[in-house]
Structure formats: C-alpha cells, structure tokens
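Work through these exercises with the model open beside you. Try each task before you read its solution.

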Amino acid sequence: MSVEEKQANIKVNEDEVVVTVPAPKRNCYDATISTAVCYFKVKPSKTKLWTTKILKGDEYVDTPGGFRVEFLSHQNKTTDPIELQLQALQRIILIAEMDEDDAENLGDWRFHGKGVIYCHENDHNDFRVQTEVTENGNQLIMTIDHVKDEAFDNDIAFRYLATCFEIGVGQLPAPVYYSQDPTVSVRRPEL
C-alpha cells in the first residue's frame with residue numbers, strides 16, 4: 001500500500017474555495033491512499049477581522065467566505081470492507097502559518113493551545129479532526145480523516161486562537177485573541 005500525497009486540487013471562486021481529495025485506488029493487492037495538502041497564511045489582528053489566504057499554484061490568494069472539502073468515493077457504490085477502509089484513510093492536511101507582514105500587528109503572534117476552539121461539537125460519526133501547533137507556535141496543522149463512506153455534508157465551525165507577545169514587553173502572560181468564525185464544510189458527494 002502506498003500513500004499519494006500532493007498539493008490539493010483547489011478551485012477558488014467568488015463564493016468559496018473547493019478542495020477535492022481524490023478517491024483511493026485499488027488494483028488487486030496494490031492500493032493508494034489519497035492525502036491532499038493545503039497551505040494557508042492567517043493574518044491575525046487585535047482590532048480587525050482576521051484574513052486567510054490559500055496557496056494556489058505558486059501564490060497565496062484571498063479566500064472568500066466559504067471553504068469546502070470534498071472527499072471523493074470510488075466510482076461505484078461498494079460494500080467491500082477493504083474499499084470502505086481505504087476511503088476512511090483518505091485525509092486532508094490543512095497547514096496554516098501566521099502571516100505577520102502587517103505594520104499594525106506590532107508583536108510576535110503565535111497560535112495558542114491547540115490553535116482552535118470549536119463553536120459547536122462536531123459529529124464524530126462523520127469524520128475525525130485533529131489539530132497540532134508546531135514551529136514554536138507559528139504553524140497550525142489540522143488533519144481531517146476517517147470520513148464516513150456514505151454521502152453527507154457537515155460543517156466544522158471554529159475560531160483560531162492566538163497570543164501576541166508585545167515588542168519590548170517580553171514573555172509576560174499575553175492575552176488570547178480569537179478570529180471570527182471560519183467554517184470548513186466536509187462533504188462526501190453522492191455517487
């Protein structure tokens with residue numbers, strides 16, 4: 001079995017960003033599991049709405065309000081337990097980095113805690129979401145996997161959490177700031 005990992009298929013239109021995670025492939029004893037990877041820059045602020053840009057090709061572009069991830073299924077509906085397990089192993093990795101290229105943000109911004117707080121409980125029967133803060137707080141990695149095998153549509157509403165260490169103040173306890181509610185819609189389209 002091999003894991004196929006590449007930058008995700010990303011479409012940006014005026015209403016939303018749509019990312020497609022390809023269906024896994026299986027030929028007799030050989031299988032390929034799909035992993036899509038998306039890179040973001042998050043620009044925090046103490047007083048304004050936070051902005052997010054997604055890497056599309058070689059440049060970061062503004063993301064409109066919606067963000068949808070579509071996990072594609074095999075072309076035919078299946079009850080084969082191996083094929084269903086392969087679909088459960090599909091995943092998307094969202095990698096967000098702090099974008100501090102803004103004169104208004106005087107200080108050192110870092111993701112706080114697990115990097116996000118959820119606005120409501122996720123339905124853990126539909127998928128699994130894990131977050132990890134790395135790079136000394138400068139990077140947030142969100143992994144979505146174990147997506148159920150039948151058609152559904154579910155939203156993950158959350159807020160980014162970050163602290164800003166003021167220049168000249170040092171590492172004193174810093175207040176925690178949070179973004180407006182970005183939402184990731186997780187979907188497996190109907191065959």
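**Exercise 1. Place Thr 143 in the fold, and decide whether Thr 143 is buried or exposed.**

Step 1. Find the element. Thr 143 sits in strand 12. Helices (H or I, at least four residues) and strands (E, at least two) are DSSP runs, numbered from the N terminus.

Step 2. Check the accessibility. Thr 143 has 13% relative accessibility, so Thr 143 counts as buried. Buried means under 20% relative accessible area, exposed over 50%, and partly exposed in between (1.4 Å probe, protein chains only).

Step 3. List the contacts (heavy atoms within 4.5 Å). Leave aside neighbours within four places in sequence: Thr 143 then contacts Arg 91, Ile 92, Ile 93, Arg 128, Val 129 and Gln 130.

**A note on the model.** This is a predicted model, with residues numbered from 1 along each chain as its sequence is written. Local features need pLDDT of at least 70, side-chain atom pairs count only at pLDDT 80 or more, totals for chains, interfaces and linings use all residues, and side-chain values use heavy atoms, with hydrogens and water left out.

**Exercise 2. Describe the protein as a whole, and say which elements have the lowest and highest mean pLDDT.**

Step 1. Count the elements. The protein has one helix and 15 strands.

Step 2. Look at burial. Of the 191 residues, 45% are buried.

Step 3. Look at sequence separation. Take the contacts with a separation of 6 or more: 69% of them come from residues 24 or more positions apart.

Step 4. Read the confidence. pLDDT is the predictor's confidence in each residue, from 0 to 100. The protein's mean pLDDT is 82, and 85% of its residues reach 70 or more. Among the elements, strand 1 (residues 2-7) has the lowest mean, 52, and strand 12 the highest, 95.

**Exercise 3. Which residues of helix 1 are buried, and which strands do they pack against?**

Step 1. Name the residues. In helix 1 (residues 81-88), the buried residues are Glu 83, Leu 86, Gln 87 and Ala 88.

Step 2. Name their partners. The buried residues of helix 1 pack against strand 4 (25-27), strand 5 (30-43), strand 12 (139-145) and strand 15.

**Exercise 4. How many salt bridges does the structure hold? Trace some of them.**

Step 1. Recall the idea. Side chains of opposite charge can pair when their charged atoms come close. A salt bridge is a side-chain nitrogen of Lys or Arg within 4 Å of a carboxyl oxygen of Asp or Glu. The structure holds nine.

Step 2. Take Glu 16 and Arg 68. Their side chains form a salt bridge at 2.5 Å, N to O. Glu 16 lies in strand 3 (residues 16-21) and Arg 68 in strand 8 (residues 66-71), so the pair ties together parts 52 residues apart in sequence. Arg 68 counts as buried, at 18% relative accessibility.

Step 3. Take Arg 187 and Glu 70. Their side chains meet in a salt bridge at 2.7 Å, N to O. This pair links distant parts of the chain: Arg 187 in strand 15 (residues 183-188) and Glu 70 in strand 8, 117 residues apart. Arg 187 is partly exposed at 25% relative accessibility, while Glu 70 is buried at 12%.

Step 4. Take Glu 150 and Lys 148. Their salt bridge spans 3.7 Å, N to O. Glu 150 is partly exposed at 45%, and Lys 148 is partly exposed at 24%.

Step 5. Join the pairs. Salt bridges that share partners connect Glu 16, Arg 68, Glu 70, Asp 153 and Arg 187 into one network.
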